[in-house]
Amino acid sequence: MMKVDNPLALRYLLQDDLYLLPADKVAKPAPVAQQPVPDVQKSEEPEESPLPLQTPVVKFNYLGSNNKRFVILVNYHNEEHIAAQHLTALTNILKRLEHEIDDVAILNTHKQAVTMENLVSNLEPKKLLVLGKAAMPVELAMLQLNKPATHNNIKTLYSFSFDEMMDSNDMKKAFWDQMKML
């Protein structure tokens, strides 16, 4: 049996929540003796630094294989990745640019939180297409509509969402003109 004198050590040993039973609420706990804290003088030996906090690894759920490191960010509330008719239109656009669905990663930002840091560390994009304002990570808020830019050595284009483009030939034309340059 292990005896713990320091009550602060208990939180490291007992990491689960503890609950009192009704019978225990009536009983009074035994008083805890206060021990004097000895004066500790600084020594010249370096203290052990605490272990660095590890950020959780984010794994994205995306459509495609990302073979050419071309990431496409979309935002769909009711779809896992992208609406079927929009996927057909996107597939046709990619074919005209000599890409296939396996060359890209289509990532629905509504279903998962996306930051540029996580995006770069997980998918290592060379090209990034943001379809719609709702799909844009906060770090890219400075991007202008249909103006290609380079962000951290990643060719980036922010354009209309497919919902906006499907009914407007002018928007489709503006999008296509910029896609040819990406």
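**Exercise 1.** In this predicted model, decide whether Lys173 is buried or exposed.

*Solution.* Start with the relative accessible area of Lys173, which is 52%. The cut-off for exposed is over 50%, so Lys173 is exposed. Now try Asp177: its relative accessible area is 26%. That value falls between the limits of 20% and 50%, so Asp177 is partly exposed.

**Exercise 2.** Work out which residues are linked with Lys173 in a network of salt bridges.

*Solution.* Begin at Lys173, which forms a salt bridge with Asp177; their closest N and O atoms are 3.2 Å apart. Next, place the two residues: both sit in helix α6 (residues 169–179), 4 residues apart, or about one turn of the helix. Then look for another partner of Asp177, and you will find that its side chain also meets that of Lys180 in a salt bridge, at 3.7 Å from N to O. Put together, Lys173, Asp177 and Lys180 form a linked network.

**Exercise 3.** The structure holds 4 salt bridges. Take the one between Glu124 and Arg69 and find which parts of the chain this pair ties together.

*Solution.* First check the contact: the N to O distance between the two side chains is 3.8 Å, and the cut-off is within 4 Å. Second, locate the partners. Glu124 lies in the loop between α4 (116–123) and β4 (127–131), while Arg69 lies in the loop between β1 (62–63) and β2 (70–74), so the pair ties together parts that are 55 residues apart in sequence. Finally, look at accessibility: Glu124 is partly exposed at 46%, and Arg69 is partly exposed at 30%.

Notes:
Residues are numbered from 1 along each chain as its sequence is written. This is a predicted model: local features need pLDDT of at least 70, side-chain atom pairs count only at pLDDT 80 or more; totals for chains, interfaces and linings use all residues. Side-chain values use heavy atoms; hydrogens and water are left out. Buried means under 20% relative accessible area, exposed over 50%, partly exposed in between (1.4 Å probe, protein chains only).
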